[in-house]
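Okay, thanks everyone for coming. I'll put the sequence and the model up on the screen, and then we'll walk through a few spots together.

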Amino acid sequence: KTKYLTVSNPIKKKSVFLLEKCNQDILDYVEEFRDFSQMVLSRLAGLNNYKAEVKNEVENLLTRIERAQRDIDYFGSVTDSNTCIEVHEDLVKQQLFEEAEEKQKLKLMLNASCDHMLAGIKSLKIVKKTGDKHGSWMKDPGKKHTKIYLLNGSVNNVILEFANIMTFMEDNHTLKARRVTLPSPWEGTGHIIYQGFLFYHRYGSLNEIIKFNIQKRNIADQMLLPGAGRIPAYQLSPSTKIDLAIDEQGLWAIHAEPETGGNIVITKINHITMAVEHTWDTSCNSKDAEAAFMACNTLYVVYNFPSGGTSRIQCVYDVLDAVNTYEIPVLHFPKRQGSHSTIHYNPKEKQLFAWGDGSQIIYKLHTKQKV
């Protein structure tokens, strides 16, 4: 037994020694790992500081780039705007020059010596009452005769020609009239007679204007009026799509277009060649309008109420801008309630030939110099 104890003690000592050494190795390893961790953390801290520095440098660089870009954009915009301004000013100058040149041509074409304007309607005379609601009657201002022409209805193909106004006023006037039959009927009441020719909108066509020789009884010429015929020239006279007019300068066409919002358009036509000379978009609307006429290069639009009432001129448009239309007062037609089917100006006699509720009326005018 004693021998056994003596043998086992050295083994136990060795085991204790090994265990202590293992513990020491672990402590050394932990210490080394702690030192390594502190080194890593220290380096990471340095990296973070470096990262912050790099980030700050990058942000500063971006700020400088943005500032430089803003400066570039600013100088570029200044350069572009100056260029645009210069181009715009050049365009304006060119447009003003062209407008002045165009206005001068129009003055020469339209004879600027026509310098009077309508100041009022002095009186009316009911010449006759045929009974037809729609129609047109007139003299030929381009001829030295006293003949009267009567065109009944908004669709017809027969003109009645009277020797003078006294014959027209007789009770049996139709028996003494010369009947002229047209090859195709008219549409509306906007026809006109000038220098021996009847100019009218052909029935069934969109915008065809016929030039008819009354004495020879044949069609002398015809034309299409661009943009016309799609809507009535006047809301209160729906049968008239194209209203032809005569003034001191010759033949005009009055109509309305959807593209202008219903505003009235006027066109100067060469009555000899049947060619369009110039077109104007006016500020006068066709709503509540019943008729219009041209006098001395100026459009006068007549308005009324849908149920009928006192007709009044409350929109004026001068193609040469010789009239300050905003200062013109509303002009009322005197001593009459009703509506007009048509109103035509006679430049030779300086009066209006109107058709109102079946009556043939002459209005005498009061004029003054344009200002």
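So, Asp318: buried or exposed? Asp318 comes out at 3% relative accessibility, and that's buried, because the cut-off for buried is under 20%. Keep in mind that this is a predicted model, please.

Who does Asp318 pair up with? Lys370 makes a salt bridge with Asp318, and their closest N and O atoms are 3.0 Å apart. Asp318 sits in strand β16, while Lys370 belongs to the segment after β20 (359–369), so this pair ties together parts that are 52 residues apart in sequence. Lys370 is buried as well, at 16% relative accessibility.

While we're on salt bridges, there's also a network: Lys147, Glu161 and Arg178 are joined into one by salt bridges that share partners. How many salt bridges do we get by this rule? The count comes to twelve.

Let me show you two others. Take Glu31, which forms a salt bridge with Arg34, with the closest N and O atoms 2.8 Å apart. Both of them lie in helix α1, which covers residues 2–110, and they're three residues apart, about one turn of the helix. Glu31 is partly exposed with a relative accessible area of 38%, and Arg34 is partly exposed too, at 40%.

Then there's Glu208 with Arg202, where the closest N and O atoms are 2.7 Å apart. Here Glu208 is buried, with a relative accessible area of 11%, but Arg202 counts as partly exposed at 26%.

Back to β16 for a second, and the sheet around that strand. The sheet is an open one of four strands, in the order β14-β15-β16-β17, and the pairing is antiparallel. Which strands are at the edges? Those are β14 (289–295) and β17 (331–332), and each of them pairs on one side only. In the middle, β15 (residues 298–303) and β16 (residues 312–318) run antiparallel and share six bridges. If you want one to click on, look at Val302, whose bridge partner in β16 is Ile313.

Okay, next strand: β8, residues 208–213. How many residues of β8 are buried? Six of the six, so β8 is largely enclosed by the rest of the structure. Now, in a regular strand the side chains alternate between the two faces of the sheet. You can see how that plays out here: Glu208, Ile210 and Phe212 point one way from β8, Ile209, Lys211 and Asn213 point the other way, and all are buried.

β8 has neighbours to pair with. One is β7 (residues 197–201), which pairs with β8 in the antiparallel sense over five bridges. Phe199, for instance, has Lys211 in β8 as its bridge partner. The hairpin of β7 and β8 has six residues between the strands, and in that hairpin Gly204 takes a positive phi near 90°.

Another is β9 (residues 218–224), which is joined to β8 by six bridges and runs antiparallel to it. Ile209 has its bridge partner in β9, and that's Met223. In this hairpin there are four residues between the strands, and Arg217 takes a positive phi near 60°.

Let's zoom in on Asn213, in β8. Asn213 counts as buried, at 11% relative accessibility. What does Asn213 touch, if we leave out residues up to four places away in sequence? The answer is Gly196, Phe197 and Asn218.

Last stop is Thr267, over in strand β12, residues 263–270. Thr267 is buried, with a relative accessible area of 2%. Its contacts, again leaving out residues up to four places away in sequence, are Leu225, Leu251, Trp252, Ala253, His255, Val276, His278 and Thr279. Pick His255 from that list: Thr267 and His255 are twelve residues apart in sequence and 8.6 Å apart in space, going C-alpha to C-alpha. And with Thr279 there's a polar contact, side chain to side chain, at 3.3 Å.

If you take one thing back to your desk, make it the Lys370 and Asp318 pair, tying together parts that are 52 residues apart in sequence. That's it from me, over to you.

Terms used: Residues numbered from 1 in each chain as written. Predicted model: local features only at pLDDT ≥ 70, side-chain atom pairs only at ≥ 80, totals over all residues. Heavy atoms only, no water. Helix = DSSP H or I, 4+ residues; strand = E, 2+ residues; numbered from the N terminus. Buried < 20%, exposed > 50% of the residue type's maximum accessible area, 1.4 Å probe, protein only. Contact = heavy atoms within 4.5 Å. Pairing = 2+ DSSP bridges. Salt bridge = Lys/Arg side-chain N within 4 Å of Asp/Glu carboxyl O. Polar contact = N/O pair within 3.5 Å; in protein donor to acceptor, adjacent residues only side chain to side chain.
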